[in-house]
Amino acid sequence: MTGQAMVRWSAFVDESRAQAGIEARRYGVPPTMIEAAIERRSAGDWRGACAAADVECFFDPEMIRRRCGAEVASALLDDLRTLAPDLLRWHLPRYAHGSGRLLAGLLVPLAGYDGAGTGLTLAAATPGLALKAGERIVLTLLETGSSGARSGADAGGNAVLQAVRRRGAERYDLRSYRMFWNAACAMGLRELCGDAVGGAAILRLQDEGRAAEAWTAAGFDVTLGSSRTTPEEQRRLARWLSSLPVNLPGLAQRVSDELPAADEAVIRCGSGALVLSGLNGGTTAVEVATSRSVRARGTVLPEIPYAVWSRPLDADLFRLGLVETRDLHPLVGAAIADSAAERAEPSGWRYSTESGIEAQYADTVSAGAGNAVVLVRCGADLHRVVRVEGRWQPIDHDDHPARESLIQRLGGPVSPCRAVAQHLGSGRHVIDAVARFLDHGRVAEAARLLERHGDSGTAPGDFVLTDGVTVGERLADLREHTLRLWMTRAGTPPVRDVQGSRAAIPAWGYPDLRFQKTRSSRLKRITRRSRKGESARLKKHR
Ligand SMILES: [Zn+2]
């Protein structure tokens with residue numbers, strides 16, 4: 001059980017970053033998605049695996065065979081067969097706050113291929129048009145030839161490249177770090193998180209916020225700013241340095257492997273920059289600076305990719321006791337923990353995000369089939385709150401419920417168990433979980449939750465989310481943007497207002513076009529009117 005008392009924070013993994021990471025994993029890459037993707041991948045169906053993980057492939061390998069030859073095409077296909085799109089989704093860079101959604105506008109190189117006259121790069125992208133369609137990820141190909149870098153010469157690929165920051169591609173380069181997307185290389189994560197000689201001591205200094213000492217222990221001469229830097233500015237730089245999750249053991253070697261020609265290279269993160277020098281032997285030094293001051297020097301330094309310098313977040317969440325192996329992607333759990341990962345029950349784990357609830361799957365057997373039990377921290381003890389016949393009840397209190405609710409009405413204290421039972425009884429936790437799933441585009445999981453927990457009097461589409469939008473409206477929005485994305489992939493640029501223009505919608509590829517065509521202004525009315533149909537549509541969506 002992961003009790004709050006066990007958590008010891010680290011200077012570079014604050015609560016907000018940890019929470020965003022946990023939410024992203026829990027709601028963005030749920031076990032059902034991972035299982036479906038693994039099943040398709042094991043069957044040799046890479047396209048099916050991508051579809052299961054909401055990864056859209058924007059190129060045709062057959063066309064690559066014609067354009068770049070059989071050798072390049074077969075190397076590409078080999079990589080696509082070992083691509084774990086769910087693992088890619090798990091590891092793609094995310095916002096370090098809030099619900100931890102995918103960073104927008106990224107272009108992440110995954111693998112490179114040299115052909116006759118042209119080079120190809122397989123890349124993952126997060127253009128806004130794909131994220132709006134339920135946090136979808138796009139796989140695209142970049143072609144490097146005599147005419148410079150361009151996409152696979154198709155309209156869909158070009159639309160993606162226009163919507164991402166190509167200049168940032170080197171920052172997120174994973175070509176040498178396949179453990180973040182390739183199932184066959186996933187165990188390589190263990191080496192990245194491994195305990196190098198002296199690693200534990202360095203990590204302890206980093207945890208305690210003594211970053212400069214940690215860098216010194218890792219063999220770097222540290223300079224905070226330049227001779228003109230004020231003491232106040234130095235303190236600010238030191239604080240920024242402490243917050244960076246740098247993977248110090250083996251850093252200089254990894255940078256040399258990645259950028260063999262560079263004697264100087266830079267780590268950029270937010271407003272700060274670290275300039276590493278002496279990489280080609282001699283004394284390795286690091287200068288802590290601001291991005292602005294580094295830019296002002298005029299020399300363009302190669303940027304060290306994030307995967308090379310940063311500590312994998314999963315390793316720290318696991319080390320700090322914030323997740324267990326069963327909370328992790330099986331390939332990640334197998335790499336960073338010693339035992340094979342065992343997954344949480346998909347229906348169980350959501351309760352542990354509720355405040356006051358410590359765990360959820362203890363003692364489910366004695367509570368009877370179909371009933372749920374949560375453990376609540378009640379004073380010094382852990383108490384059980386059980387759902388029996390649809391009602392949540394504290395069972396470790398002798399007080400009669402009526403007596404306790406009378407005390408509460410009279411302004412007396414309510415026990416943590418009673419508070420949790422009331423909260424769960426209101427069903428708000430289900431709606432909150434549905435909203436989080438929909439934020440991450442996980443429609444099937446949201447629908448399943450509503451079907452299982454929604455009360456029979458309310459159609460799933462009528463539930464109102466925290467922002468005042470109904471589930472039905474949110475689904476319609478996701479469908480509209482998915483249709484736009486698929487039209488872009490097909491090379492048919494969507495007109496500005498898909499909903500308002502029936503002519504723009506092709507009669508293929510979408511399961512429920514009738515619902516899709518609804519005009520925005522009528523959407524709300526129709527959503528409310530067609531309550532009966534909504535339940536069926538929810539089921540049909542996947
Ligand atoms: Zn209690």
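**A tour from the largest pocket to helix α20**

In this predicted model, the largest pocket holds about 850 Å³ of space, where a pocket is an open set of points on a 1 Å grid over the protein atoms alone, reachable by a 1.4 Å probe and with protein on both sides within 12 Å along at least five of seven lines. Residues are numbered from 1 along each chain as its sequence is written, and side-chain values use heavy atoms, without hydrogens and water. Local features need pLDDT of at least 70 and side-chain atom pairs 80 or more, whereas totals for chains, interfaces and linings use all residues.

Select Arg-17, Pro-93, Arg-94, Leu-103 and Tyr-306, which are the closest to the pocket's centre among its 37 lining residues, a lining residue having an atom within 4 Å of a point. Next, colour helix α1 (15-28), one of the elements that supply at least two lining residues; α1 gives the largest share, five residues.

Stay on α1 and show Tyr-27 together with Phe-437 of helix α20, a pair that ties together parts 410 residues apart in sequence. Their ring centres lie 5.0 Å apart with planes at 75°, so the pair is edge-to-face (centres within 6.5 Å, planes over 60 degrees apart).

Finally, select α20 (residues 428-439) with α22 (residues 471-489), whose axes are 11 Å apart at an angle of about 10°, which makes the two helices roughly parallel (under 35 degrees). Here Val-434, Leu-438 and Asp-439 of α20 meet Val-471, Arg-474, Leu-475 and Leu-478 of α22, contact meaning heavy atoms within 4.5 Å.

How values were computed: Axes fitted to C-alpha atoms, helices over the stretch in contact; angles between N-to-C directions. Helix = DSSP H or I, 4+ residues; strand = E, 2+ residues; numbered from the N terminus. Parallel < 35°, antiparallel > 145°, perpendicular 65-115°, else oblique. Points joined across faces, edges and corners; volume = space filled by probe spheres on them. Phe/Tyr/Trp six-rings, centres within 6.5 Å; stacked < 30°, edge-to-face > 60°.
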